[in-house]
Amino acid sequence: MTRRPYGLVCPISHACEFLEPRWTIQILTELWNGSTRFNDIRKGVGNVSSALLSRRLKEMEALGLVERVEDEATGTISYFRTEKSIRLEPAMNALAEWAQCNIEAEIALADVDVSTLMWAVRRKIDLAELPRRRVIRFHFRDDPPPRYPHYWFVVEPGSDLPELCSLDPGRDVDLYVETGVVSLGAILEGRSSIEREKERGGLFLIGDPGLARSMDRWLRISVYAALEGIVQLP
């Protein structure tokens, strides 16, 4: 990373010099969320090119923020946070809490990438609440519509995570979810609720009544959603 340093005797500025390059914090957050493989990190981070992600991971490895581990038996590469990165957790938690309570919901949820949002939803689905084979289709009614307005979650018994599809998997759908990016993002972040979005027309559920009624159990929300003073969606 070649950039002009701040030239300040200030520990906060020194931290910024490590963390400021675009996508650095987002990559650390995705590693924090459990992703270790390159493609999973890319999907979780969102609008980052493969070339830039590769370069940033190399830079973060050089700074001691990321450890690159190769499995000699399979040749697969995994990335892990180092102890230096793990020690950032309190600071990253503080940033998240500040954002939840001080940034307006419309600003926080503006320009959310739909595919990245659905990749996050994939991790939020509690399979213990979906014991049988299930197919849930999400349709985003935003204007203009996203490139892929439809997504399917296919839940198979014994799977750790549901399969996410942007093309019709050709399976019978148990529950249709009609929503918008802002409404679904607000639910996940605790800036609104399932019931409130249903009342205001931001969420419609059609299909299996039990599956619809239990959405607040099988769709987990952010760990930051329980904070006091979160700025709500108007």
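Visitor: In what sense do E3 and E4 pair, and over how many bridges?
Guide: This is a predicted model, and in it E3 and E4 run antiparallel, paired over six bridges. One spot to look at is Arg137, which stands opposite Trp152 in E4.

Visitor: And how does E3 pair with E6?
Guide: In the parallel sense, over five bridges. There, Phe138 stands opposite Val177 in E6.

Visitor: How many residues of E3 are buried?
Guide: Seven of the seven, so E3 is largely enclosed by the rest of the structure. Both faces are covered. Arg134, Ile136, Phe138 and Phe140 are buried on one side, and Val135, Arg137 and His139 are buried on the other.

Visitor: Why do the names on each side skip every other residue?
Guide: In a regular strand, side chains alternate between the two faces of the sheet.

Visitor: OK, rings next. How many aromatic pairs does a search of the whole structure find?
Guide: Two. Take Phe138 and Phe153: they sit edge-to-face, 5.7 Å centre to centre, with 85° between the planes. That pair links distant parts of the chain, with Phe138 in strand E3 (residues 134-140) and Phe153 in strand E4 (residues 150-155), 15 residues apart.

Visitor: Is Phe138 buried or exposed? What about Phe153, buried or exposed?
Guide: Phe138 has 0% relative accessibility, so Phe138 counts as buried. Phe153 is also at 0% and counts as buried.

Visitor: Which rings make the other pair?
Guide: Phe140 and Tyr151. Their ring centres are 6.3 Å apart and their planes are at 85°, so this pair is edge-to-face. Phe140 is in strand E3 and Tyr151 in strand E4, so the contact ties together parts eleven residues apart in sequence. Phe140 is buried at 1% relative accessibility, and Tyr151 is buried at 5%.

Visitor: Where does Arg122 lie relative to Trp119?
Guide: Over the face of the Trp119 ring, 4.4 Å from the ring centre.

Visitor: Switching to the core. Which residues in the largest nonpolar core touch the most other members?
Guide: Met118, Phe140 and Trp218, out of 27 residues in that core. Several elements supply at least two residues each, including helix H8 (114-124), E3, E4 and strand E6 (175-179). Helix H9 (181-188) and strand E7 (203-207) are also among them, as are helix H11 (209-213) and helix H12 (215-218).

Visitor: What does Phe140 touch?
Guide: Leaving out residues up to four places away in sequence, its contacts include Val114, Leu117, Met118, Pro146 and Pro149. Tyr151, Thr179, Gly180, Val181 and Leu184 are on the list too. Apart from the largest core lies another one, of 19 residues, with Leu52, Val66, Tyr79 and Met92 among them.

Visitor: Pro146 came up there. Where does Pro146 lie?
Guide: In the loop between E3 and E4. Pro146 is buried, with a relative accessible area of 16%. Beyond its neighbours within four places in sequence, Pro146 is in contact with Val114 and Phe140. The C-alpha atoms of Pro146 and Val114 are 7.0 Å apart, although the two residues are separated by 32 residues along the chain.

Visitor: What kind of peptide bond joins Asp143 and Pro144?
Guide: A cis one, with omega about 0°. Pro144 is found in the loop between E3 and E4.

Visitor: Any backbone angles I should look at?
Guide: Try Trp23, which has a positive phi of about 85° although it is not a glycine. Asp111 also has a positive phi, about 60°, and is not a glycine. As background, most residues other than glycine have a negative phi, and most peptide bonds are trans.

Visitor: Where do I find Trp23 and Asp111?
Guide: Trp23 is in the loop between helix H1 (11-19) and helix H2 (24-32), and is buried with a relative accessible area of 10%. Asp111 is in the loop between helix H7 (105-108) and H8, and counts as exposed at 79% relative accessibility.

Visitor: Last topic, cysteines. How many disulfides does the search find?
Guide: Zero. The closest cysteine sulfur to that of Cys10 is in Cys16, 7.8 Å away, which is too far for a bond. Cys10 is partly exposed at 23% relative accessibility, and Cys16 is partly exposed with a relative accessible area of 30%.

Notes:
Residues are numbered from 1 along each chain as its sequence is written. This is a predicted model: local features need pLDDT of at least 70, side-chain atom pairs count only at pLDDT 80 or more; totals for chains, interfaces and linings use all residues. Side-chain values use heavy atoms; hydrogens and water are left out. Rings of Phe, Tyr and Trp (its six-membered ring) pair if their centres lie within 6.5 Å; planes under 30 degrees apart count as stacked, over 60 as edge-to-face and the rest as tilted. Helices (H or I, at least four residues) and strands (E, at least two) are DSSP runs, numbered from the N terminus. Buried means under 20% relative accessible area, exposed over 50%, partly exposed in between (1.4 Å probe, protein chains only). A charge sits over a ring if NZ of Lys or CZ of Arg is within 6 Å of the ring centre and within 35 degrees of the ring normal. A nonpolar core is a set of buried Ala, Val, Leu, Ile, Met, Phe, Trp, Tyr and Cys residues joined through side-chain atoms within 4.5 Å. Contact means heavy atoms within 4.5 Å. Two strands pair if DSSP finds at least two bridges between them. A disulfide is a pair of cysteine sulfur atoms within 2.5 Å.
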